[in-house]
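Q: Please pick a single part of this structure and take me through it closely, from its layout to its side chains. I would like one connected account that I can follow with the model open.

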Amino acid sequence: MQKGHCSYHTLRCHPDEDGFPFESGSSQGKDLSDAEDGVGDGKRKRVASAKKSQKSTSSEKAAYSHWLMKSEPESRIEKGVDVKFGIEDLKALPNQTGCWDGVRNYQARNFMRDMKPGQQAFFYHSNCKEPGIAGIIKIVKEAYVDHTQFDKKDVHYDPSSKPENPKWSMVDVQFERMTKRFIPLTELKKYHLKHKSSGGALSNIALFTRARLSVQPLTTEEFDFILSVISFSGKEE
DNA sequence: GCCAACGTTGGC
DNA sequence: GCCAACGTTGGC
């Protein structure tokens, strides 16, 4: 499980279909857990203590506005199905839009639920020859029920999730553009290490501080810094 | 509610 | 293909 790979099921999703928004917003402090779906998931539920540390105006959360979403651009067979889904695959879909299904990690899911249409995300290529940021996508539909959780044939089928109380959500994303150059993970890591010691925009970037999260938030500073290094090194805006 | 065993992610 | 990091499961 786990992973934010849209697989081609994406083809079935049409951006215009009016799905029902499955609750939006809210989630920041909760982390692991299912916090907002109340019942349903079996046993153990360590409901996050979303309460604490959540001060200030009740409706206020350090809302993120930028994201980084990982997907695998190279073929890999999982349960007999190829999970490949690179930025070129998104670009090739009708309207260059697809649904980001298959996320099976609570934190990643919660971040998707925080996403708002219009926000931008980096499309990150993972588990491949050259990991790194390949382009920019845009959130075009807020979180709604990920139908693949109920599909026994799907790689990300989750028998523990019931239709009356779905566990997993997805958003629709649209290809916006390739970055003027590919930004390798190794380069980002250099900035991160440097910034960690001397201070800088990427000193705390989730890509390294929470490496396994497939859907991550980026601060505006982080996002802008990354865009700026693209241009420093050659082209881009 | 602890925590060992287990499974997954994803760089290398 | 290895394996470290870390999330999840489930017994107790």
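A: What follows is a walk through the sheet, the helices on it and the side chains around them.

This is a predicted model, in which local features need pLDDT of at least 70 and side-chain atom pairs count only at pLDDT 80 or more, while totals for chains, interfaces and linings use all residues. Residues are numbered from 1 along each chain as its sequence is written, chains are lettered from A and ligands numbered from 1 in the order in which they are written, and side-chain values use heavy atoms, with hydrogens and water left out.

Let's begin with the layout. Six strands make up an open sheet with mixed pairing, in the order β4-β7-β6-β5-β1-β8. Strands (E, at least two residues) and helices (H or I, at least four) are DSSP runs, numbered from the N terminus, and two strands pair if DSSP finds at least two bridges between them. The edges belong to β4 (97-99) and β8 (215-218); each has a single partner strand, so one side of each lacks a neighbour in the sheet. On average, neighbouring strands are turned by 35 degrees against each other, direction ignored.

Two of the pairings deserve a closer look. Strand β5 (residues 120-125) runs antiparallel to β6 (residues 132-145), with 6 bridges between them, and A121 has I137 as its bridge partner in β6. At the β8 edge, β1 and β8 are also antiparallel and share 4 bridges; here M69 is bridged to V215 of β8. Although β8 stands at an edge, both of its faces are covered: V215 and P217 on one side, Q216 and L218 on the other, are all buried. Buried means under 20% relative accessible area, exposed over 50% and partly exposed in between, with a 1.4 Å probe and protein chains only.

Now for the helices. Helix α2 (residues 106-114) packs on the sheet and touches β1 (66-71), β6, β7 (169-184) and β8, its direction making about 95 degrees with that of β7. Helix α5 (residues 220-232) packs on the sheet too, touching β1, β5, β6, β7 and β8, at about 35 degrees to the direction of β7. For these angles, axes are lines fitted to C-alpha atoms, for helices over the stretch in contact, and values run from 0 to 180 degrees between N-to-C directions. Contact means heavy atoms within 4.5 Å.

Helix α2 is mostly covered, with 8 of its 9 residues buried. Among them are polar and charged names such as Q107, R109, N110, R113 and D114, as well as F111 and M112. These buried residues pack against β1, β6, β7 and β8. At the start of α2, a side-chain oxygen of N105 comes within 3.0 Å of the backbone nitrogen of Q107. R113 has a link to the sheet: a polar contact of 2.9 Å joins its side chain to that of S169, a residue of β7 with a relative accessible area of 0%. A polar contact is a pair of N or O atoms within 3.5 Å; within protein, one must be able to donate a hydrogen and the other to accept it, and residues adjacent in sequence count only if both atoms are side-chain atoms.

The nonpolar side chains come next. The largest nonpolar core has 23 residues, and M69, W100, V171 and V215 have the most contacts inside it. Such a core is a set of buried Ala, Val, Leu, Ile, Met, Phe, Trp, Tyr and Cys residues joined through side-chain atoms within 4.5 Å. At least two residues each come from β1, α1 (87-91), α2, β5, β6 and β7, and β6 supplies the largest share, 4 residues. Leaving aside neighbours within four places in sequence, V171 touches residues including M69, W100, M112 and I139. A second, separate core of 19 residues includes F122, F225, L227 and V229.

Finally, a charged pair: R181 and E187 form a salt bridge, with their closest N and O atoms 2.8 Å apart. A salt bridge is a side-chain nitrogen of Lys or Arg within 4 Å of a carboxyl oxygen of Asp or Glu. R181 is buried, at 14% relative accessible area, and E187 is likewise buried, at 14%. The whole structure has 6 salt bridges.
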